[in-house]
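Colleague: Please take a close look at helix packing here. Then add a few single residues, and explain each term as you go.

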Amino acid sequence: MAQVEKRGGLLRKSSASKKPLKEKVVLMYDEIFMKEDPSKCSPRFWEELFLMKVNLDYLEGKLESLDGEELLKIKDNINCLFQHCIQALGEEHPIRVVNALQTLCALIRGVHQKNKSTSGFDIINMLMGFDKAELCMKNLMESLDSLLCAEGSESLKSLCLKLLLCLVTVTDNISQNTILEYVMINSIFEAILQILSHPLSRREHGYDAVVLLALLVNYRKYESVNPYIVKLSIVDDEATLNGMGLVIAQALSEYNRQYKDKEEEHQSGFFSALTNMVGSMFIADANEKISVQTNEAILLALYEAVHLNRNFITVLAQSHPEMGLVTTPVSPTPTTPVTPLGTTPPSSDVISSVELSLDADVQTSNLLITFLKYSSIVMQDTKDEHRFHSGKLCLIILTCIAEDQYANAFLHDDNMNFRVNLHRMPMRHRKKAADRNLPCRPLVCAVLDLMVEFIVTHMMKEFPMDLYVRCIQVVHKLLCYQKKCRVRLHYTWRELWSALINLLKFLMSNETVLLAKHNIFTLALMIVNLFNMFITYGDTFLPTPSSYDELYYEIIRMHQSFDNLYSMVLRLSTNAGQWKEAASKVTHALVNIRAIINHFNPKIESYAAVNHISQLSEEQVLEVVRANYDTLTLKLQDGLDQYERYSEQHKEAAFFKELVRSISTNVRRNLAFHTLSQEVLLKEFSTIS
């Protein structure tokens, strides 16, 4: 007997010369693509159709193969198919429901794909008809809501979410997707919350639910009132918010784990051995190869939750076991597709494995720690456009956290100490820090460490000015809280001061190159004002009097850098060039730093001369400083502890529109409707009572 091959809905006998035989479902699709109503000749046509296994490729391909005029001729049949799909969603037979959901996905994608090349018809009219659109979408959304909230098949819920993701992401710019108006009117917000609040449904569908919510929140968010924004901002149910936080933490933790695995691979491999032999000349290249796709979709969800919902701030500090230390199953997990913006969820095995009771031997963690570790990885390499956007979004989230009073309270809480192992970029001039030597400290120390790490590691020709500005702003906002609440944080402030001075030196040594692209005086002013903040208010928030002395020592020790900065800004502020005003602001801001240098330097030189010492030790310089505070005169500078609060709509709208467009494109590309085989579904439904 001749072997039968199956291709694109055709059954072909390989050794025969006969015409290929078509599957029954394909023949039925062909009838729909005729002008006549298929149910005229076959009254049971629609009932039979939804018992047939859907051929997604053929249906989508058929829709795409027709031109605009041909598609308009069969509009009535397309409308009829769409309406019968919605009717089938109410059927008791789950196979009909599955086939209806998959058919809807194919219809929506196929018609939208056609619309990219042909603007001769309206998509809503093509799918449903203008006169029936409102009722159709109401029925569709009600059916999806019921399926998502019912105690039924997990596969059906998965398909419902995938259909909704298909509906939302079918256009690159979701704000141009007019069908979403009906998703706004017929909200599924409560269904999403229900998924997130129940452990079983969260484990199975939490990732898709969170990504869907993040996308819906961004539909025309600047042009009209978006009900999903309003509802998300007032959620106060603890189980729901914790559920959302757990889904985000798991996705970020999975990314961190994958990165750590790849890092260990590199360190134990041949390349690492070669690097050790030759030296560290290849370190940068080796690091670039450690690449795991970033997850902007889940990061966007975290941003929207932090930005919109004050209650979510408490979730950041909710303790759970250190996810990276929980043993993961031996069974293989699905690999992440290589795409520009990874939005593939962690495997359900990984998700379920972390929802365990706390173990005394396991380091506790929380969402904020997981996020800081994630940030420390993606912020290492900002040369890649997607990582740059990821790093920017991380800094925006940290900005929102640094402005929040409650977040600051637990960041600075001495009773909430954690050991946070941030990833550090390999650099030639420093050794890799031993993670286990890190002390347990308040979480704000980890945030400051992350900012210092960024400052130190990104002084390069392709200077990320925008990220540096955000980084310094985060530090400033944390200092404002410490000054306001008189929090004396035991932190190695010297590392921050040293990083800031080195950044100033970099700006000066690359003045010509950087000024061609950036206003470096904005950043220089921010750095100088951080020092002014320490000088003016440091006695209220630095941990000890000796810390304040060390600040002066560091300014005096690095006086040449401040002198050079003053010379540069004075030169540009006295010229009538474009930088005159910006440079003159820095000149005025340097007044107290210059007063300290000019006051103490002669006294230090005099002390050295009297005692016949060519080079003073740090302790000797500090002795001179302590002895001469009384005669130092400083000017009171206003507004050092004031800042402009973060505003998305006025300053970040363009960034978020582009980010959401990228996420939408990638979610659409990764949507898989073929993962649910008919055999698996039949097996599942045979056990449903």
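Modeller: What follows covers helix pairs, then cysteines, then two loop residues.

The model is predicted, so local features need pLDDT of at least 70 and side-chain atom pairs count only at pLDDT 80 or more, while totals for chains, interfaces and linings use all residues. Residues are numbered from 1 along each chain as its sequence is written, and side-chain values use heavy atoms, with hydrogens and water left out.

Two packed helices are described by the angle between their axes and the distance between the axes. Helices (H or I, at least four residues) and strands (E, at least two) are DSSP runs, numbered from the N terminus. Axes are lines fitted to C-alpha atoms, for helices over the stretch in contact, and angles run from 0 to 180 degrees between N-to-C directions.

Start with α11 (residues 189-197) and α12 (residues 199-217). Their packing angle is about 140 degrees, and their axes are 7 Å apart. That makes α11 oblique to α12. Angles under 35 degrees count as roughly parallel, over 145 as roughly antiparallel, 65 to 115 as roughly perpendicular and the rest as oblique. The crossing of α11 and α12 is left-handed. A left-handed crossing has the near helix turned anticlockwise from the far one by less than a right angle; a right-handed one has it turned clockwise.

Which residues of α11 and α12 meet? From α11 come Phe-189, Ile-192, Gln-194, Ile-195, Leu-196 and Ser-197. Their partners in α12 include Pro-199, His-205, Ala-209, Leu-213 and Leu-216. Contact means heavy atoms within 4.5 Å. The residues of this contact divide into 10 nonpolar, 5 polar and 1 charged. Ala, Val, Leu, Ile, Met, Phe, Trp, Tyr, Cys and Pro count as nonpolar, Asp, Glu, Lys and Arg as charged, and the others, Gly among them, as polar.

Now take α1 (residues 24-32) and α3 (residues 56-65). They pack at about 25 degrees, with axes 10 Å apart. That makes α1 roughly parallel to α3. The crossing of α1 and α3 is right-handed. Val-26, Tyr-29 and Asp-30 of α1 make the contact with Tyr-58, Leu-59 and Lys-62 of α3. By class, the residues of this contact are 4 nonpolar, no polar and 2 charged.

Next, the cysteines. The structure has 0 disulfides (a disulfide is a pair of cysteine sulfur atoms within 2.5 Å). For Cys-105, the closest cysteine sulfur is in Cys-166, 4.7 Å away, too far for a bond. Cys-105 is buried, at 0% relative accessible area. Buried means under 20%, exposed over 50%, and partly exposed in between, with a 1.4 Å probe and protein chains only. Cys-149 is partly exposed, at 26%.

Cys-480 sits in helix α24 (residues 465-485). Cys-480 is buried, at 7%. Beyond four places in sequence, Cys-480 touches Met-533, Leu-640, Asp-641, Gln-642 and Tyr-643. The C-alpha atoms of Cys-480 and Gln-642 are 7.4 Å apart, across 162 residues of chain.

Last, the loops. Glu-652 lies in the loop between α33 (648-651) and α34 (653-670). Glu-652 is buried, at 6% relative accessibility. Leaving aside neighbours within four places in sequence, its contacts include Tyr-222, Lys-392 and Arg-470. Asn-311 is in the loop between α17 (296-308) and α18 (313-316). Asn-311 is partly exposed, at 32%. Beyond four places in sequence, Asn-311 contacts Val-235, Asp-236 and Leu-241.
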